[in-house]
Amino acid sequence: MADSTALLKRNEVTQDIETMKALVFHAPNQIAMESRPIPKPSYGEAVIRVTLTTICGTDVHILKGEYPVRQGLIIGHEAVGVIHELGPDVVGYEVGDRVLVGAITPCGQCSSCLSGAWSQCGGVPIGGWKFGNTIDGAQAEYLLVPYAQANMAKIPDRLRDEQVVLLADIASTGFSAAESADLKLGDTVAVFAQGPIGLCATAGAKLKGAGLIIATESNPLRRKIALKMGADIVLDPRTGDIPSEIYRLTGGRGVDVAIEALGTQATFETALRSLRPGGTLSSLGVYAGKLDIPADAFAAGIGDYKIVTTLCPGGKERMRRLMELVLHKRVDLTPLLTHNFSLKEIVKAYALFSNQQDGVLKVAIRP
Ligand SMILES: [Zn+2]
Ligand SMILES: [Zn+2]
């Protein structure tokens with residue numbers, strides 16, 4: 001026992017010198033690469049050495065000051081890595097295991113989790129989104145994973161980091177639109193906007209067995225990738241009235257499921273106006289201010305419409321299931337990783353990503 005005490009003391013000393021590089025948020029439009037101590041796992045926690053991460057649209061909102069986080073926070077919420085250290089009671093894992101960790105890290109014990117609402121772990125207002133929001137995030141060399149046993153999904157040897165990193169957030173979110181809408185085989189679906197999440201929603205509609213899939217997008221590159229991800233038709237919102245065109249394409253019925261993947265009043269309203277009576281609007285967008293529902297787009301309240309929303313499903317079982325889809329070649333998300341940067345170059349990557357330059361969809365960041 002004396003030896004282990006000595007070891008503990010030594011670890012405490014080395015903790016001060018062992019540092020990592022991390023991207024730190026200071027104030028709107030002020031982020032910087034800095035040295036930080038490598039985190040130490042306590043009970044229920046693990047630390048992974050991040051091998052691949054990415055930048056999310058939400059991180060850009062944080063950078064611009066549109067979503068407030070505390071000064072000094074390490075941001076980022078998508079991580080693939082190798083277990084570096086395990087907390088005392090985390091079992092079933094070994095140091096060196098490759099793992100995927102979802103953007104949302106449910107505890108598995110609170111009333112939300114035990115009611116099956118994993119994403120809403122911990123309750124209002126932002127549920128289980130902790131990384132780069134309430135605790136340090138993934139744009140760093142090392143990441144402390146809370147509730148590690150519920151949140152680290154071992155990656156099958158045959159899968160590369162690049163094949164699974166997008167499952168942590170955008171694919172889990174995008175696919176969930178069709179799941180939350182309870183999409184039926186052969187349903188006609190429209191997906192409004194083909195950014196990274198919209199593209200994954202298109203892929204999810206296909207995976208879930210949609211019949212006709214209509215996407216909307218004005219960016220020519222994204223229009224092309226939408227077809228690759230499963231869209232049959234891509235409409236350009238600049239060149240006509242989308243709901244009329246959707247009614248024409250569906251023989252006057254409207255779509256069974258309309259997926260909103262942008263988070264604006266205009267797309268929400270267009271999605272609602274494109275639905276058949278009794279159809280489902282599945283909303284993935286994050287809205288600001290007030291969202292209006294015009295009575296005429298809502299059949300004055302007697303159209304039997306359903307409106308459902310979903311926050312990215314997380315947890316290791318969700319990640320395991322999504323990796324099954326990749327492993328068995330049901331879906332390939334690698335075309336969405338359009339650019340590569342090292343962690344050192346991440347500020348440059350933010351500039352490219354937030355200005356949507358050079359046809360960027362998602363950037364791969366390698367610590
Ligand atoms: Zn995200
Ligand atoms: Zn919980």
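These are legends for an overview and several close-up views of one predicted protein model.

The model is predicted, so local features need pLDDT of at least 70 and side-chain atom pairs count only at pLDDT 80 or more, while totals for chains, interfaces and linings use all residues. Residues are numbered from 1 along each chain as its sequence is written, chains are lettered from A and ligands numbered from 1 in the order in which they are written, and side-chain values use heavy atoms, with hydrogens and water left out.

**Overview. The whole chain has 12 helices and 16 strands.**
Helices (H or I, at least four residues) and strands (E, at least two) are DSSP runs, numbered from the N terminus. Along the principal axes, the C-alpha atoms fill a box of roughly 80 × 40 × 40 Å. The radius of gyration is 21 Å, which agrees with the value near 21 Å for a compact globule of 367 residues. That radius is taken over C-alpha atoms, and the globule rule is 2.2 Å times the number of residues to the power 0.38. Of the 367 residues, 51% count as buried; buried means under 20% relative accessible area, exposed means over 50%, and partly exposed is in between (1.4 Å probe, protein chains only). The chain exposes about 16,500 Å², with carbon and sulfur atoms supplying 53% of it. Those areas come from the Shrake-Rupley method with a 1.4 Å probe, and for residues only the protein chains shown count as cover. Now for contacts, meaning heavy atoms within 4.5 Å: among those with a separation of 6 or more, 69% join residues 24 or more positions apart.

**Close-up 1. Helices α6 and α11 cross at roughly 90°.**
Look for α6 at residues 170-180 and α11 at residues 316-327; their axes come within 12 Å. That crossing makes α6 roughly perpendicular to α11, a label for angles of 65 to 115 degrees (under 35 is roughly parallel, over 145 roughly antiparallel, and the rest oblique). The axes are lines fitted to C-alpha atoms, for helices over the stretch in contact, and angles run from 0 to 180 degrees between N-to-C directions. On the α6 side you'll find S172, F175, S176 and E179, which meet R318, M319, L322 and L325 of α11. Sort the residues of this contact and you get 4 nonpolar, 2 polar and 2 charged. Here Ala, Val, Leu, Ile, Met, Phe, Trp, Tyr, Cys and Pro count as nonpolar, Asp, Glu, Lys and Arg as charged, and the others, Gly among them, as polar.

**Close-up 2. G204 sits in helix α7.**
G204 is buried, with a relative accessible area of 4%. Leaving out residues up to four places away in sequence, G204 touches F175 and A178. S172 is 32 residues from G204 along the chain, and their C-alpha atoms are separated by 9.1 Å.

**Close-up 3. Q194 lies in the loop between β9 (189-192) and α7 (196-207).**
With 0% relative accessibility, Q194 counts as buried. Beyond residues up to four places away in sequence, Q194 touches L199, T202, A215, T216, E217, R222 and A226. Take A215: 21 residues separate it from Q194 in sequence, and C-alpha to C-alpha they are 7.2 Å apart in space.

**Close-up 4. Helix α12 (residues 346-354) has buried residues I346, A349, Y350, L352 and F353.**
What covers them includes the strands β1 (19-27), β2 (30-37), β15 (337-342) and β16 (362-366), along with helix α2 (57-63). After α12 comes Q356, with a positive phi near 50°.

**Close-up 5. A79 is part of strand β5 (residues 79-86).**
A79 counts as buried at 1% relative accessibility. Setting aside residues up to four places away in sequence, A79 touches I48, L52, V99, L100, V101, A138, L143 and A168.

**Close-up 6. T105 lies in the loop between β6 (98-101) and α3 (111-114).**
This loop residue counts as buried, at 0% relative accessibility. Its contacts, apart from neighbours within four places in sequence, are G128, K130, F131, P146, Y147 and N151.

**Close-up 7. N29 has a positive phi, near 65°, though it isn't a glycine.**
N29 lies in the loop between β1 and β2, and at 58% relative accessibility it counts as exposed.
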